[in-house]
Amino acid sequence: MEICGLLTAKNEPVPLKSISVQVRVQDHVATVSSTLQYVNEEERPLEALFVFPLPADAAVCYFSAKIGEQEIVAEVQDRESARDKYDDAVSSGQQAFLLEESAESPDVFRVGCLSAGQNAAVTIIYITELAVQADHSLRFCLPAVLNPRYTPAGSGAGIVSEISSGCGAVPYMLTLSVHVSSPKPISKLESNCSLDPLVFLQSDHTQATVNLSPGHMFDKDFELFVFYQDTHQPSAIVEAGVTTAPPGSLMRDPVVMISLYPEFPEEVMSSLATRGEFVFVIDRSGSMGSMMHYGTGAKMRIESAKDTLLLLLKSLPMGCYFNIYGFGSDFESFFPQSVVYNQETMDQALKRVKEMKSDMGGTEIVQPLKHIYSQRCHPDHPRQLLVFTDGEVGNTKEVLDLVKSHAHSHRCFSFGIGEGASAALITGMAREGSGHAQFITDTDRMQPKVMQSLRFALQPAVVNISVDWTLPDGLTVETLSPPINVLFQGQRTLIYAQLKGESSGCSEGTVTVKYSLKDQPVTNQLHFFLKPTEETGLSIHRLAARTLIRSLEQEERSGAADVEGIRSRMVELSVQAGVSSVHTAFIAVNKDSRQTVKGPLQQRRVQTRDLSFVIAVMQANCAEVRTQESHLSECYAEEQSFRCSKKTLRTFTERAFLKMSNWVPERIQNFFRHGSATVLSDQTDSESKNDPSPESQKDLLLELVFLQKVSGCWDLDATLADVFGKTEDELTNQKPAQVDGSVWATLLALIWLYGCKIEQQVEWQFVAMKAASWIGSQKVGDLSQCVCAGNVLLGCQVTKETLGI
């Protein structure tokens, strides 16, 4: 997280000495306190640009800076007033800090100055909701870096594009502690990093603490997964207000957070959808050539995306429509418009998928989205948009406004790939497009998460959603959350509401959610106690205020008539709740400082020497390859003197390089992988050529899926036999006489999936459903006998009932 934005006279970042993070998880909400220790080793003061990675829906509620023994606690004020105070304080020699939300992206913040030779401890506290995962766990993520954002030309978001993260071998320490409490017992805590043993604080396992083990290198995001018992059950938290707040204000009254998990009727969910238009939008920018690590092997992000596309294409239902877009600095589509899903169109698409590379330059997603939205929708085939991207753009809000403006015509499912994907972009697109967001990082396989989203996309749209409250006499309710426009089976929905008035004595309320699903009325109901939960620290109020502020921001951007009134309401909410917004800022001025800031103020914007050097190289004549090789060799040599890892240097330079040149990506990657300009030449490293790479190893599941026909069946041939480790003669000789070859092949494929790949069922579930449906449509004699013969041939023990035929 070395992204403070200060550079020394030698173009080195101001040293970050340590990071201390305390996380308090209360049911579905996390309060995160991060303290970062910096020291200015220059002989002159510096004005800092500071970037802090935040979840998309986080509410920043505290900011302070401790200089020596003097702590300056910031206040939330109107943005222009805060800026004026900051400028006045700095010009008069006082220490001042300004924390404001970037207008381009809500996960970027900026702060102020640091005197010469001083240590500074910057503390930021924010509150965020925790996302529910496919296994019903709650995910908390502490980003290791905020990757450099790609900013389209002319977007006015240049401040973001200058941001780069620090070197890979970080010279600072991280300590992290987590406290978890919930009305429901805690089953377990898991992480992608090493943790000390979990300590339960109560016998009923409703409270626990855990610490990050010493020695964390901060080379990847810290992810924590919290498992509760019965976490899919609906719940409610009522939080008391502040008695000193103005009467009738949000902070004065109690606030309730309702967490709902809709349960759809089984008869609706058991059938496979046969309608829909599925549009896949794939990031093909240079950064998609970076490696993803999972299991014992590694693949480039673009290769993992291609494998996932294969699964998606094979999992689509017959009769639907589909198209595939690739985008970078420009975009292209496989078909001029969405086409009917059949054997011919799928074969054409698979051929194009194999040829896809991360060779399209930058990451400009607005234009392909505009083109897709300009295409007419197909009647009775609801449009489902699935977007895969690194999420490194600087015009996040422009993208979100575009998705929201077309929310009536589609659902948007977004996937953030790799470390540093913008949570604001990925989560925001899904929220505005009434879809679902997924993040694929570190050891994750992309396919399981994508297939979970496809399950959501295949679910029928929920319509006519209404929320009704039943409260005791004397109490009324004001819903603060925007109207619910999307519900998915197994996915949480949150509702924030302000409770007004005085209860007549009844201690219980009820919220009822009604909706229609395939013309069938459904009702979900939750009873909750009105007694406030203790020790919530106003986190529910602040999240509710954040939710209301975001809704007001949407009204403002949509061209509402009373813009000034909306802006005034936002500022009022932000100041009262103490949370950030685009129209307010945290301002801290050390008026008691006895020593004024002397000397000219040096403004530092984050810009690594490696990145700026390579950008300069890219602007030269890239056709002169040999000349560039020597420059890149110098760049690598300089990288050694700055003690940066090759991996981190490659992260910066690859992205800059591939976004600005037409060189072949593999040659660039080889250079930064091996640290030698000779690898850029036409000569091939024979040693690396002979080494078997994980990418060259066969994935038998994908091999099998690739062979399936659109209808759901397989052909009985040698390629299928090879997947099973058999010969074609072995398959043919064991075939029951009365069974057709395709039926036998499809039955064997199903037996192999259930018998050998059951742990990956979430990936092939729709492939198997199509196969079982196809077999059911064929005239098959004694199916039980066929299953027994198949088990003998493949060495499995799968029952006919398991196959779902």
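This briefing walks through some strands, aromatic pairs, cavities and single residues of the structure above. Keep in mind that the model is predicted. Two spots make good starting points: an aromatic cluster made of Phe322, Phe335 and Tyr341, and a cavity that takes two or more of its lining residues from each of strands E20 and E23.

**The aromatic cluster**

- The structure has nine aromatic pairs. Phe322 and Phe335 make one of them: their ring centres sit 5.7 Å apart and their planes are at 80 degrees, so this pair is edge-to-face.
- Phe322 belongs to strand E23, while Phe335 is in the loop between strand E24 (331-333) and strand E25 (339-340), so the pair links distant parts of the chain that are 13 residues apart.
- Phe322 also forms an edge-to-face pair with Tyr341, at 5.9 Å centre to centre and 85 degrees between the planes.
- Since Tyr341 is found in the loop between E25 and helix H5 (343-354) and Phe322 in strand E23, this second pair ties together parts 19 residues apart in sequence.
- Are these rings buried or exposed? Phe322 and Phe335 are both buried. Phe322 has 0% relative accessibility, and Tyr341, at 1%, counts as buried too.

**Cavities**

- When we look for empty space inside, we find two cavities of 30 Å³ or more.
- The second largest cavity holds about 70 Å³ of space.
- Its lining takes at least two residues from strand E20 (277-283) and at least two from strand E23 (321-327).
- Among the residues lining the second largest cavity are Glu277, Val279, Asn323, Tyr325, Ile372, Arg376 and Arg383.
- What is the make-up of the lining of the second largest cavity? The residues divide into five polar, three nonpolar and three charged.

**A four-stranded sheet and Asn192**

- Four strands form an open sheet with antiparallel pairing, in the order E11-E12-E17-E14. Strand E11 (131-132) and E14 are the edge strands, each pairing on one side only.
- Inside that order, strand E12 (residues 138-142) and strand E17 (residues 222-228) run antiparallel and are joined by five bridges.
- One place to look is Leu142, whose bridge partner in E17 is Phe222.
- Phe222 also helps you find Asn192: the two are 30 residues apart in sequence, yet their C-alpha atoms are 6.7 Å apart in space.
- Asn192 lies in the loop between strand E14 (186-191) and strand E15 (199-200). With 17% relative accessibility, Asn192 counts as buried.
- A polar atom of the Asn192 side chain lies 2.8 Å from the backbone nitrogen of Glu223.

**Strand E18 and its partner**

- Strand E18 (residues 235-239) is largely enclosed by the rest of the structure, because four of its five residues are buried.
- E18 runs antiparallel to strand E19 (residues 255-260), and five bridges join the two.
- Within this pairing, Ala236 has Ile258 as its bridge partner in E19.

**A threonine in a helix**

- Thr308 is part of helix H4 (residues 301-315). At 1% relative accessibility, Thr308 counts as buried.
- What does the side chain of Thr308 reach? It reaches the backbone oxygen of Ser304, at 2.9 Å.

**Two residues with positive phi**

- Some background for this group: most residues other than glycine have a negative phi.
- His205 isn't a glycine, but it has a positive phi of about 60 degrees. You'll find His205 in the loop between E15 and strand E16 (207-211).
- His205 counts as partly exposed, because its relative accessibility is 33%.
- Asn464 is another residue other than glycine with a positive phi, near 55 degrees. Asn464 has its place in strand E29 (residues 462-470).
- With a relative accessible area of 62%, Asn464 is exposed.

Note on methods: Residues numbered from 1 in each chain as written. Heavy atoms only, no water. 1 Å grid on protein atoms, 1.4 Å probe; cavity = no way out; pocket = protein on both sides within 12 Å on 5 of 7 lines; lining within 4 Å. Points joined across faces, edges and corners; volume = space filled by probe spheres on them. Nonpolar A, V, L, I, M, F, W, Y, C, P; charged D, E, K, R; others polar. Buried < 20%, exposed > 50% of the residue type's maximum accessible area, 1.4 Å probe, protein only. Polar contact = N/O pair within 3.5 Å; in protein donor to acceptor, adjacent residues only side chain to side chain. Pairing = 2+ DSSP bridges. Phe/Tyr/Trp six-rings, centres within 6.5 Å; stacked < 30°, edge-to-face > 60°.
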